[in-house]
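Reader: I'd like a close look at one part of this model: the place where the ligand sits. Could you walk me through what surrounds it, and then through whatever else in the fold stands out?

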Amino acid sequence: MSNRRVLVFPSAAELGPALARLVTARADQACGSARGRFSVGVSGGSLVAMLGKELTSLPDLDCSRWLVGFCDERVVPFSDPESTYGLYKDQLFSKVNIPESGVLAINPTLPVRECAEDYARKLSENFPGEAIPVFDLLLLGMGPDGHTCSLFPDHPLLEESQKTVAPISDSPKPPPQRVTLTLPVVNAARCVAFVSTGGSKASVLKRVLEGGEGPVLPAARVAPGKGELLWLLDEPAAASLTLQVERPAPGAHI
Ligand SMILES: O=C1O[C@H](COP(=O)(O)O)[C@@H](O)[C@H](O)[C@H]1O
């Protein structure tokens, strides 16, 4: 896979600032392009705290031309601790200069199917002329079962080829009702960056990145057709890998 890079950092403490440099470099590039804005999709889970900490500690961060979407979202009220939007609002959006119109949140008061349709409509309005929205950057996490977004192993949603956003009401990881970007949207992005840290991810990372027996896991189905694929790992997460990885110098741009 020629457009895939696996980058390993000594620990999450070194990975975090490198992630912030990646985000700001891609934002500058996108805002300086004819598009004039930076479209980024964020994930929940452990990524929220890392992005909140790293981005809010940058002195000159300018999010005025950012469009932030969600790679997946739990259909719960924003005040619920499981709401990814709620967590980002507390830890990031309320602390930077992103306009309200720059955050594409779900409407959690809708039933899950309507919520997905409503979110797909919001995406299509914000990516005019694009049958499949092309994000500048998607930031993904991966669960210990190999799921990414809310695309879980052996789930029929992995085969979704028509919808840009799909509902799921039987998520094996709570809460059960969620909406998620589908693989065609993920694989249309200009850049997809996975962030995975900690030893609990080591064995699944080996299977996702190096292959093995059994069905292909959801995270291994992420392969942007024209875009880049980056895996940002810390040493504990990368411990079982035998493939060739990059170990960027401190402060290096990726
Ligand atoms: O449920 C979810 O889990 C994944 C992975 O989370 P992590 O805490 O293991 O990093 C996350 O990427 C996804 O957005 C979230 O809904």
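Author: Let's fix one term before we start: a residue counts as near a molecule if one of its heavy atoms lies within 4 Å of it. Bear in mind too that this is a predicted model.

With that cut-off in hand, there are 14 residues around the ligand, and the ones that come nearest are Gly44, Ser46, Asp72, Lys173 and Lys201. As for chemical character, the shell splits into 7 polar, 5 charged and 2 nonpolar residues.

Now for the side chains that reach ligand oxygens. Ser46 has a side-chain N or O atom 2.6 Å from an oxygen atom of the ligand. Asp72 also puts a polar side-chain atom 2.6 Å from a ligand oxygen. For Lys201, the distance from a side-chain N or O atom to an oxygen atom of the ligand is 2.9 Å. As to how wrapped up the ligand is, on its own it has 390 Å² of accessible area, and the protein covers 93% of that. The space the ligand takes is the largest pocket.

There's also an enclosed space to look at, and its lining has another character. The count comes to 1 cavity of 30 Å³ or more, and the largest cavity has a volume of about 40 Å³. Its lining is made up of Val23, Val40, Val42, Leu51, Leu55, Trp66, Val68, Leu92 and Leu139. Strand 2 (38-42), helix 2 (47-56) and strand 3 (66-70) are the elements that each give two or more residues to that lining. By class, the lining holds 9 nonpolar residues, with no polar and no charged ones. Set that beside the ligand shell, where 7 residues are polar and 5 are charged.

Finally, two bits of backbone geometry you may want to check if you plan to use these coordinates. Pro174 and Pro175 are joined by a cis peptide bond, with omega at about -5°. Pro175 belongs to the loop between strand 6 (165-168) and strand 7 (178-181). Remember that Lys173 was listed among the residues that come nearest to the ligand. The other spot is Cys149, where phi is near 50°, a positive value in a residue other than glycine. You'll find Cys149 in the loop between strand 5 (137-140) and strand 6.

Terms used:
Residues are numbered from 1 along each chain as its sequence is written. This is a predicted model: local features need pLDDT of at least 70, side-chain atom pairs count only at pLDDT 80 or more; totals for chains, interfaces and linings use all residues. Side-chain values use heavy atoms; hydrogens and water are left out. A polar contact is a pair of N or O atoms within 3.5 Å; within protein, one must be able to donate a hydrogen and the other to accept it, and residues adjacent in sequence count only if both atoms are side-chain atoms. Accessible areas come from the Shrake-Rupley method with a 1.4 Å probe; for residues, only the protein chains shown count as cover. On a 1 Å grid over the protein atoms alone, a cavity is a set of points where a 1.4 Å probe fits but cannot get out, and a pocket is an open set with protein on both sides within 12 Å along at least five of seven lines; lining residues have an atom within 4 Å of a point. A molecule sits in a cavity or pocket if more than half of its atoms lie within 2 Å of its grid points. Ala, Val, Leu, Ile, Met, Phe, Trp, Tyr, Cys and Pro count as nonpolar, Asp, Glu, Lys and Arg as charged, and the others, Gly among them, as polar. Grid points are joined across faces, edges and corners, and a volume is the space filled by probe spheres set on the points. Helices (H or I, at least four residues) and strands (E, at least two) are DSSP runs, numbered from the N terminus.
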